[in-house]
Amino acid sequence: MPLPTRPAVSTLLAFTCGLTFAEDWPQWRGVNRDGVLRSSPELVSQLPSGEMPHRWSVPIGPGYSGPTVAANRVYVTDRLSDNDRDSRERVLCFDATTGKNVWTHEYEAPYTIQYTAGPRASVTIDSGRAISVGAMGHLHCFDAASGALHWKHDLEQEYDADLPIWGIAGAPLVYDGLVIQIASGSSGACVIAFDLATGKERWHALSEPAGYSAPIIIRQGDQDVVVCWTGASITGLDPKTGNMFWRVAMPSRNMPIGVPTPITDGKHLFVSSFYDGSMMIELDQTEPKATKLWHRVGIDEKNTDALHCMIGTPLFKGDRIYGVDSYGELRCLRKSNGDRVWEDQTAVPRNRWGTIHMIQHGNNEILFNDQGELIFATLSPEGFTEHSRTKLLAPTRKQLPRRGGVTWAHPAIADGYIYARSDDQLVSASLLK
């Protein structure tokens, strides 16, 4: 599994019932960026029928960025606009218990990208700092408690960035005092590392088009490796220097559209793209080397082979892969070769770009689909077993002005509470037993 990125403000709270602990959700996909809920108080076994009661709800603007939670604070970004192009982005901090606004930072961010519904990347909390990046590449580092600005960069202007058409989407990764960001810069600056304390550049790497996927840290032998999925490759870099350890090419046959985060079981690395199918990479266990095992891609994004993910990140479980295909088909694949074991079309309505975000909780899964439904389920080689389902959040149309709207932002779960957002509200609900 990816190694922790040392979120200093991650607060582990002991509960009186046994030796159960709760954890924060301080960055994209949780503590380890792997979508696994390892420590939590005991959760309900059954979701309420109909609608999920909210602990609180606060109005916010549009955005795709999922909330993050640390030290009883919730962080999210949004966009205010007078039209499609002239806009302001905001970084928002709320009290996790009450929903009361703690601080807000607003800045000008005129959009030149497509899909102008707001910033994409989750805020990263580490060492008492909150690091955000907007859709146009405005990178900020704040004091997480007060919102005081420590430093900032305009990646598009400073690095002559050729932004992907949907903007910057990969959440900042903090590693050993560095902020590692997919920046889309020219002249070998697709990936840039900045000093967390000062904001000064420490290294830059790769002359490749940027993708949308967030970087992760893995371990190979005695070496930490930062894995970056760009618009042309999956590459392993030295997180301290930016030097390349290995590279596996994955050029796009249409356009770079790798959105899901790479997943790993320590021995393998897996990525899946809407247009370019799925690739399995074998990781050397003794040193930072990697080899492509298989790559399966269908005729097009509708007539797919194996798995063509759009937004939701797949997961490993045993010798199987579970993920959501291009039109919302929930699929199980064999890890060894990508052969399909089963397909289910009940977890989310069939639609182009159908999406489910999946969080592993023990041997079960917590699913959040693009209709705002929360589902308790179990994924196994035998099939998709749904235990209960409730409506957590109503879809909205800014992110996708079709089919009644969507909820595409990844939720967060911390201390037994779930946090989710749409184009117009951020909500919190209890999952506590």
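Visitor: Where is the place of G338, and between which strands?
Guide: G338 sits in the loop between strand 26 (330-334) and strand 27 (340-344); here a strand is a DSSP run of E with at least two residues and a helix a run of H or I with at least four, both numbered from the N terminus. This is a predicted model, in which local features need pLDDT of at least 70 and side-chain atom pairs count only at pLDDT 80 or more, while totals for chains, interfaces and linings use all residues. Residues are numbered from 1 along each chain as its sequence is written, and side-chain values use heavy atoms, with hydrogens and water left out.

Visitor: Why is G338 called buried?
Guide: Buried means under 20% relative accessible area, exposed means over 50%, and partly exposed is in between, with a 1.4 Å probe and protein chains only. G338 has 0% relative accessibility, so it counts as buried.

Visitor: What makes W294 a contact of G338?
Guide: A contact requires heavy atoms within 4.5 Å, and, leaving aside neighbours within four places in sequence, G338 is in contact with W294, R296, A306 and L333. The C-alpha atoms of G338 and D305 are separated by 8.6 Å, although these residues are 33 apart along the chain.

Visitor: What is notable about the phi of A306?
Guide: Most residues other than glycine have a negative phi. A306 is not a glycine, yet its phi is positive, about 60 degrees. Its place is in the loop between strand 23 (290-296) and strand 24 (315-317), and its relative accessible area is 2%, so A306 is buried.

Visitor: Why is R403 called partly exposed?
Guide: R403 has a relative accessibility of 27%, which is in between the two cut-offs, and therefore counts as partly exposed. R403 also has a positive phi, near 45 degrees, and lies in the loop between strand 31 (383-391) and strand 32 (412-414).

Visitor: How do you know whether S273 and F274 are buried or exposed?
Guide: S273, in strand 21 (residues 268-273), has a relative accessible area of 2% and is therefore buried; F274, in the loop between strand 21 and strand 22 (277-283), has 1% and is therefore buried as well. Apart from residues up to four places away in sequence, S273 touches W229, M250, I257, G258, H308 and C309, while the contacts of F274 include I257, H308, C309 and W353.

Visitor: What makes a set of residues a nonpolar core?
Guide: The set must consist of buried Ala, Val, Leu, Ile, Met, Phe, Trp, Tyr and Cys residues joined through side-chain atoms within 4.5 Å. The largest such core has 37 residues, and Y75, I125 and F194 are among those with the most contacts inside it. Strands that each supply at least two residues of this core include strand 6 (87-95), strand 9 (129-133) and strand 13 (178-185). A second, separate core of 31 residues includes V76, I359, I413 and A429.

Visitor: Why is the protein chain called as compact as a globular protein of its length?
Guide: The protein chain has one helix and 34 strands. Its radius of gyration, taken over C-alpha atoms, is 20 Å, and the globule rule, 2.2 Å times the number of residues to the power 0.38, gives 22 Å for 433 residues; the two values are close, so the chain is as compact as a globular protein of that length. Buried residues make up 63% of the 433 residues.
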